[in-house]
Amino acid sequence: MKLTDREQNGIVILSPKGKIMGGPDASLLHDKLYECIEQKKKKVIVDLSEVDWMNSTGLGILISSYTTLRNSDGMLKLANVTDKIQSLLTITKLVTVFEAYNSVEEAIDSFN
């Protein structure tokens, strides 16, 4: 997995690419999310458009990050959720937890 990040309007946009399956690759996303929290950047969007697949470890990282951000008065939102990941979120009932948007722009607008 590769990870790029950028900031727009005070919102951090993380864009993982590939598979989020655990191991050292998944720790990239985990570490970056916690870095945002430490820097008091409390609005985070994870753009999933280039994520091929995510297993339970990947979901665990998202849940942990979501919870930690919420406990810090922050918010984590998802953008460009692929069909495969959407079905995973539906099966695990996490579709009721995460706010998901069709594009990064919609997710950014939702913070206003």
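Mentor: Before we start, one term: a residue is buried when its relative accessible area is under 20%, exposed when that area is over 50%, and partly exposed in between. Also keep in mind that this model is predicted.

Trainee: Got it. Which residues of H2 are buried?

Mentor: Look at H2 from end to end first: its 16 residues should span 22 Å, and its end C-alpha atoms are indeed 22 Å apart, which agrees. On the other side of the helix, Ser56 and Asn71 are exposed. The buried ones are Gly58, Leu59, Ile61, Leu62, Ser65, Tyr66 and Leu69.

Trainee: And how wide is the arc that holds the buried residues of H2?

Mentor: An α-helix has 3.6 residues a turn, so residues three or four places apart point the same way. In H2, the buried list includes Leu62, Ser65 and Leu69. Seen down the helix axis, the buried residues line one face of H2, since they fall within an arc of 155°.

Trainee: A serine in that list caught my eye. What is the relative accessible area of Ser65?

Mentor: Ser65 is found in helix H2, where it is one of the buried residues. Away from its sequence neighbours, Ser65 touches Leu33, Tyr34 and Leu76. Ser65 counts as buried because its relative accessible area is 0%.

Trainee: Leu76 came up there. Which residues does Leu76 contact, leaving aside neighbours within four places in sequence?

Mentor: Leu76 is found in strand S5, and it is buried, with a relative accessible area of 0%. Its C-alpha atom is separated by 5.7 Å from that of Ile45, which is 31 residues apart from it along the chain. The contacts of Leu76 are Leu33, Val44, Val46, Ser65, Tyr66, Leu69 and Phe98.

Trainee: Let's zoom out to the nonpolar core. Which residues touch the most other members of the largest one?

Mentor: In soluble globular proteins, nonpolar side chains tend to be buried together. Here the largest nonpolar core has 35 residues, and the two touching the most other members are Leu76 and Leu78.

Trainee: Which elements each supply at least two residues of this core?

Mentor: Both helices and strands do, and you can go down the chain to find them. The full set is S2 (11-20), H1 (23-38), S3 (43-47), S4 (50-54), H2 (56-71), S5 (75-79), H3 (83-91) and H4 (104-110).

Trainee: What does Leu78 touch, not counting residues up to four places away in sequence?

Mentor: Leu78 shares top place with Leu76 for touching other core members. Its contacts include a charged residue, Glu99, among others. The whole list is Val46, Leu48, Leu62, Leu89, Phe98, Glu99, Ala100 and Tyr101.

Trainee: H3 next. What is the arc of its buried residues?

Mentor: The buried residues of H3 are Ile85, Leu88 and Leu89, and what covers them includes S4, H2 and S5. The face turned away from that buried side carries the exposed residues Asp83 and Ile91. Seen down the axis, the buried residues line one face of H3, since they fall within an arc of 100°.

Trainee: On to charges. Which residues are linked with Lys32 in a network of salt bridges?

Mentor: Lys32 forms a salt bridge with Asp5, the closest N and O atoms being 3.6 Å apart. Lys32 lies in helix H1 and Asp5 in strand S1, so this pair ties together parts that are 27 residues apart in sequence. Glu35 also forms a salt bridge with Lys32, at 2.9 Å, and those two sit three residues apart in H1, about one helical turn. The partners of Lys32 in the network are Asp5 and Glu35.

Trainee: How far apart in sequence are Glu99 and Lys77?

Mentor: Their side chains meet in a salt bridge, 3.2 Å from N to O. The pair links distant parts of the chain, with Glu99 in strand S6 and Lys77 in strand S5, and the gap is 22 residues.

Trainee: Is Lys77 buried or exposed?

Mentor: Its partner Glu99 is partly exposed, with a relative accessible area of 31%. The relative accessible area of Lys77 is 4%, under the 20% cut-off, so Lys77 is buried.

Trainee: Last one: which element has the lowest confidence?

Mentor: The mean pLDDT of the protein is 90, and 98% of its residues reach 70 or more. Confidence is highest in H4, at a mean of 97, while the lowest mean, 81, belongs to H1.

Notes. Residues numbered from 1 in each chain as written. Predicted model: local features only at pLDDT ≥ 70, side-chain atom pairs only at ≥ 80, totals over all residues. Heavy atoms only, no water. Core = buried A, V, L, I, M, F, W, Y, C linked by side-chain atoms within 4.5 Å. Buried < 20%, exposed > 50% of the residue type's maximum accessible area, 1.4 Å probe, protein only. Helix = DSSP H or I, 4+ residues; strand = E, 2+ residues; numbered from the N terminus. Contact = heavy atoms within 4.5 Å. pLDDT = per-residue confidence, 0-100. Salt bridge = Lys/Arg side-chain N within 4 Å of Asp/Glu carboxyl O. Expected span 1.5 Å × (residues − 1). Arc of directions from axis to C-beta.
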